[in-house]
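Colleague: Got a minute to walk me through this one? I'd like to start with the aromatic rings.

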Amino acid sequence: MRMVDIIEAKRDGHELTADQIQQFIDGYVNGDIPDYQVSALLMAIYFNGMTTAESTALTMAMLHSGDVIDLSSIDGIKVDKHSTGGVGDKTTLVLGPLVAAAGAKVAKLSGRGLGHTGGTLDKLESIPGLSIAIEPDQFVKQVNQIGIAVAGQTANLCPADKLLYALRDVTATVPSVPLIASSIMSKKLASGSDVIVLDVKVGEGAFMKTIDDARALSKVMVGIGTEVGKQVVAFITDMSQPLGYTVGNKLEVIEAIETLQGHGPEDLTHLCVEIGSQMVHAAAIAPTLEDAGTLVKKALASGAALDKQHAMFAAQGGTLPDLDAFISVNDIVEVPSPRSGYVHDIDALAIGLAAMKMGAGRATKEDAIDPDVGIKLAVKVGDRIEQGQPLATLYSNKDNLEDIKQEVLEAFHIASAAIAKPDIIFEIITKHDL
Ligand code: URA
């Protein structure tokens, strides 16, 4: 079939067959189908959506466009977790060791940060000596030996996704549920784990701005995973304010360590314990979710998860210096509150963008990052603040911080009325919700 017929079928609202989808992906990856035709098809998908069968076929075609990681030589059930991206999201650095300490096998491929969102690889690489470029046999060996490895994706993992994502970026077709779902799930399925727990962020700092959109995306991703025989659970979680208190690579590593030391932020700790319990249960380590929760909490309280985090850093060549000397910046500047009241909102997008402009993140894929800089919030939504007290502290290597200070200040909404602290977990979607 000609590509123009596939575009026409989608334009007119017909369901594409798996063969048509395979043909489009193969033709695009091998260069036979030009960008302009794929752009037209993406726009037709954007407007007309896809059925679960189409989304699954697209995912499978993208997944088989490159390497598929074979984790069969790792004993036991392999678990993975994916966040759709947010501000201050250091969950993997806490959750991975926590779940591994409770007995699960964590074989995780992570990504870098872009725009206002951070990436696990950048955080890990801020630890002196730590490498995220692990050869496949060493990766498998590390997971078998200590239960966890976190590495970068191989260059040939889902090449179709790399091409499509770049095209979506310049054709205004990124925010499409089937395209996001197939992009994420193809990479997760190619990474080889048996259990995939998705952390679908919702709010100002996330891709999904409403619960309805986050629920729709979660259901499609859980549907795709279930269709191909994986255990997939999606958490819908808050990204209206940053997660925890820190945004910036070394600041987030410190907060992740403090969380495993037992004195981390409440939202981050709760999120990691809840997602961790699902992962440990799905890995068949505990017969019930409640038993899994007990194991996870024990791993946290006993220090076993902290030891596991250090073992992982060391296995990947990392040496943690004294945490008090870890961050080295020219300036540490407070942003004082202009009034007394209660914190009603901390715009995660604005904080993420301010951190990016300070050098903690990348505006484009090619940008270098500064691992030492970032923003540490002093308060979270629901807290009381007095005039003149700090709302946040900036760790900076820039000369002029006035604009950034103003942006950070404007991210806070302070009002007189008291307000309850928001929940971090809104919903959990399993195959039974489809
Ligand atoms: N993350 C991805 O990997 N792909 C998308 O399309 C959106 C978010």
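Modeller: Sure, rule first: rings of Phe, Tyr and Trp (its six-membered ring) pair if their centres lie within 6.5 Å, and planes under 30 degrees apart count as stacked, over 60 as edge-to-face and the rest as tilted. This is a predicted model, where local features need pLDDT of at least 70, side-chain atom pairs count only at pLDDT 80 or more, and totals for chains, interfaces and linings use all residues. Residues are numbered from 1 along each chain as its sequence is written, and side-chain values use heavy atoms, with hydrogens and water left out.

Colleague: Okay, how many aromatic pairs does that rule give?

Modeller: The count is one aromatic pair. The ring centres of Y46 and F47 are 5.2 Å apart with the planes at 90°, so this pair is edge-to-face.

Colleague: And is F47 buried or exposed?

Modeller: F47 is exposed, at 63% relative accessible area (exposed is over 50%, buried under 20%, partly exposed in between, using a 1.4 Å probe and protein chains only). Y46 is partly exposed, at 34%.

Colleague: Switching to the ligand: which residues surround it?

Modeller: Y165, R168, I180, S183, I184, K187 and F207, where near means a heavy atom within 4 Å.

Colleague: What about polar contacts with S183?

Modeller: A polar side-chain atom of S183 is 2.6 Å from a ligand nitrogen; a polar contact here is a pair of N or O atoms within 3.5 Å. A side-chain N or O atom of K187 is 2.5 Å from a ligand oxygen, and for R168 a distance like that is 2.9 Å, again to an oxygen atom of the ligand.

Terms used:
Polar contact = N/O pair within 3.5 Å; in protein donor to acceptor, adjacent residues only side chain to side chain.
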